[in-house]
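Colleague: Please take one contact region of this model and go through it closely. Afterwards, set it beside the other contacts, and give the cut-offs as you go.

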Protein chains: 2
Amino acid sequence: MNRDSRLSGVLHVLLHMADQNSPVTSEALARMMRTNPVVIRRIMSGLRDQGYVRSEKGHGGGWTLARDLADITLRDIYDGIGSPALFAIGHRSEAPGCVVEQAVNAALDGSLREAQTLLLASFETVTLAALSADFRERLARRAPIQPGEPTCVD
Amino acid sequence: MNRDSRLSGVLHVLLHMADQNSPVTSEALARMMRTNPVVIRRIMSGLRDQGYVRSEKGHGGGWTLARDLADITLRDIYDGIGSPALFAIGHRSEAPGCVVEQAVNAALDGSLREAQTLLLASFETVTLAALSADFRERLARRAPIQPGEPTCVD
DNA sequence: ATTCATGTAACTCCATATGTTGCATGATAT
DNA sequence: ATATCATGCAACATATGGAGTTACATGAAT
């Protein structure tokens, strides 16, 4: 997986899970994502603790969605994975002694805070159901699909 | 210097340069930023090529601003250092074969593009002159300063 | 009991940013 | 002229963090 792609990766996993009616194993998800099962468990553990997904051990075990897709927004998932830093640019130091630095921080903070507010609000307007619908539409436009045919080659 | 702090660092350097009426050496700037002179030269080379600053060799050499502070915005500097990635979250892959991934990318792209537009527009409204004025105001509020006294301990 | 699946800690691997060294180039001072 | 000062730049070293991997424990279904 690329760098800084946890949110993207988790969304990918969740949508694939939504497409199944039985639990999906970490191994199966890992194959889809071209990564390691442990990585899947790692990025899903937060979402499990927050009640978005369930995991079960043993035969027939694996991961299942714990909520309706319509009740989960991108914002929920973003928070669920621990609200990682949104921006790649930031401060040199948090509490600078240098007054120049204080002025720079204040200016950047202002702009970044504004953008962050907008971005998170935007995340709140997108549900996983909407993403799934978009997915199905793209699929239909692309090619007819047979029941049981895999929808992911990545 | 911290990670992802080029913009912040460059702004810091520029404001300190603005405070001097003679060229400032990379070494002096490096001391202020607690880093290495070569790092300073590295992050300044782009700005020099774009005409925001000048560098001169030899005795009395160093860095000088090539434009009025009022004519430089945060956006200019951001572009000047090469328009680095703004966001810490992104795609798993650019041209995914998986339709699920395409839908995820499209959704994230929409939100991110929106936020990026706002952020860059915000950067355009802030001039270095405004930053410098803010710096002087903070300085005055803090403590009287003697002529020649250093204004930076970072 | 065996098999399957997750939970988790500890480790390796790797990409990237930063820091450092060394030397070439050019400008100024004496 | 020559010594000194400063940037320009390439090459290398180091540090950091994310991703991947291994190993083993736990618990559920057959």
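Modeller: I start at the DNA. In this predicted model, a polar backbone atom of A:Ser26 lies 2.6 Å from a phosphate oxygen of DNA strand C. From the other chain, B:Thr35 places a side-chain N or O atom 2.8 Å from a phosphate oxygen of the strand. A base is reached as well: an N or O atom in the side chain of B:Arg42 is 2.7 Å from a base nitrogen of DNA strand C. Two or more residues of the surface near DNA strand C come from each of α3 (37-49), β1 (53-56) and β2 (62-65) of chain A and from α3 (37-49) of chain B. Helices (H or I, at least four residues) and strands (E, at least two) are DSSP runs numbered from the N terminus. The top contributor is α3(A), with four residues.

In total, 28 residues surround the strand, and the closest are A:Ser26, A:Arg41, A:Arg48, B:Arg6 and B:Arg42; a residue is near the strand if one of its heavy atoms lies within 4 Å of it. This surface holds twelve polar, ten charged and six nonpolar residues. In that classification Ala, Val, Leu, Ile, Met, Phe, Trp, Tyr, Cys and Pro are nonpolar, Asp, Glu, Lys and Arg are charged, and the others, Gly among them, are polar. On the DNA side, sugar or phosphate accounts for 66% of the strand C atoms within 4 Å of the protein, and bases for the rest.

On conventions, residues are numbered from 1 along each chain as its sequence is written, while chains are lettered from A and ligands numbered from 1 in the order in which they are written. Local features need pLDDT of at least 70 and side-chain atom pairs pLDDT 80 or more, whereas totals for chains, interfaces and linings use all residues; side-chain values use heavy atoms, without hydrogens or water.

Now the protein interface. Chain B and chain A each have 54 residues in contact with the other, contact being heavy atoms within 4.5 Å. The copies meet through the same surface, because 100% of the interface residues of chain B are also interface residues in chain A. About 4800 Å² is buried between them, 64% of it on carbon and sulfur atoms; this is the accessible area (1.4 Å probe) lost on putting the two parts together, summed over both. In chain B, the residues losing the most area to chain A are B:Arg92, B:Val99 and B:Val100, together 15% of what that side buries.

Eight residue pairs are in polar contact between chain B and chain A, both at pLDDT 80 or more. Such a contact is a pair of N or O atoms within 3.5 Å; within protein, one must be able to donate a hydrogen and the other to accept it, and residues adjacent in sequence count only if both atoms are side-chain atoms. On the chain B side, α1 (6-18), α5 (99-124) and α6 (128-142) each supply at least two residues. The largest share, 18 residues, comes from α5(B). By class, that side has 30 nonpolar, 15 polar and nine charged residues.
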